[in-house]
Amino acid sequence: MKVLMINGSPREKGNTALSLEEMRKVFEKNGIEVEIVNVGRLAVKGCLACGACAKVGHCVQDELVPQLAEKLAAADGLVIGSPVHYASAGGALVSVLDRLFYSCQADLTMKVGAAICVARRGGSSATFDELNKYFTISGMPVASSQYWNMVYGRAPGEAAQDAEGMRTVRVLAENMSFLMKSIALGKEKYGLPAKEDRVFTNFIR
Ligand SMILES: Cc1cc2nc3c(=O)[nH]c(=O)nc-3n(C[C@H](O)[C@H](O)[C@H](O)COP(=O)(O)O)c2cc1C
């Protein structure tokens, strides 16, 4: 059983990393393998809406997104960690996630998702909502905790002083571990839920 974690902070040893490490301990205690990929310092572009992914089956802009898509296909769960930048997720992270979720051909149904956000003071709630939208358009159940998944701190390391934030992410990792294991059992017993073909409509036709 495996969890992919994507860290969207440009500070690879910052508070998002610290929070993800707090979760890693819980996953590993539960026998779940963890891989963390840092994307926050990468010079990445957003989606070009070129449509190439629909033809070739992966994003053609770089190696990173197809590699992440492969890792995601092999994982049972995905944790997205982001700093709050101007009340939103980190810019590089959003560029990567838009392309990853738009181009990914793997079936993400029933892979468990969780987002955590780290802020000095404001914008966590909006960022949390923003990140959860990637899961909830993909058939991914969202794991939750005792509180919304927010951690507070400004300078690197300060998040360790946020006792409630640390507890929130630990409980999140426990709940997510349980959910992934339960879904694995459920898949064996019942299989994946029945699907319907996707239909794309808009408001003018
Ligand atoms: C460009 C930029 C914008 C930021 N915007 C916000 C913000 O809107 N709200 C907030 O509370 N903190 C904001 N911060 C502070 C960071 O969220 C905070 O330092 C957090 O600990 C960063 O996590 P990290 O150490 O993983 O990078 C901002 C920081 C930067 C560099």
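This report describes a helix pair and two residues of strand β3 in a predicted model.

**Helices α4 and α5**

Helix α4, spanning residues 91-103, and helix α5, spanning residues 124-136, have axes that come within 11 Å and cross at roughly 15°. Because angles under 35 degrees count as roughly parallel, α4 is roughly parallel to α5. The crossing of the two helices is left-handed. On the α4 side the contact is made by L93, V94, L97, D98 and F101, and on the α5 side by E130, L131 and Y134. Sorted by class, this contact of α4 with α5 comprises 6 nonpolar and 2 charged residues, with no polar ones.

**Residues G81 and S82 of strand β3**

Strand β3 covers residues 77-83 and includes S82; G81 is also found in strand β3. The table gives the burial and the contacts of each, leaving aside neighbours within four places in sequence.

| Residue | Relative accessible area | Contacts |
|---|---|---|
| G81 | 0%, buried | I6, N7, G8, T16, L20, L93 and I116 |
| S82 | 0%, buried | T16, A89, G90, L93, I116, C117, V118 and L131 |

S82 counts as buried because its relative accessible area of 0% falls under the 20% cut-off. A polar atom of the S82 side chain lies 3.1 Å from the backbone nitrogen of G90. The contacts of S82 include L93 and L131, which also take part in the contact between α4 and α5. L93 is likewise among the residues in contact with G81. Between G81 and V56, 25 residues apart in sequence, the C-alpha to C-alpha separation in space is 29 Å.

Key. Residues are numbered from 1 along each chain as its sequence is written. This is a predicted model: local features need pLDDT of at least 70, side-chain atom pairs count only at pLDDT 80 or more; totals for chains, interfaces and linings use all residues. Side-chain values use heavy atoms; hydrogens and water are left out. Axes are lines fitted to C-alpha atoms, for helices over the stretch in contact, and angles run from 0 to 180 degrees between N-to-C directions. Helices (H or I, at least four residues) and strands (E, at least two) are DSSP runs, numbered from the N terminus. Angles under 35 degrees count as roughly parallel, over 145 as roughly antiparallel, 65 to 115 as roughly perpendicular and the rest as oblique. A crossing is left-handed if the near helix is turned anticlockwise from the far one by less than a right angle, and right-handed if clockwise. Contact means heavy atoms within 4.5 Å. Ala, Val, Leu, Ile, Met, Phe, Trp, Tyr, Cys and Pro count as nonpolar, Asp, Glu, Lys and Arg as charged, and the others, Gly among them, as polar. Buried means under 20% relative accessible area, exposed over 50%, partly exposed in between (1.4 Å probe, protein chains only). A polar contact is a pair of N or O atoms within 3.5 Å; within protein, one must be able to donate a hydrogen and the other to accept it, and residues adjacent in sequence count only if both atoms are side-chain atoms.
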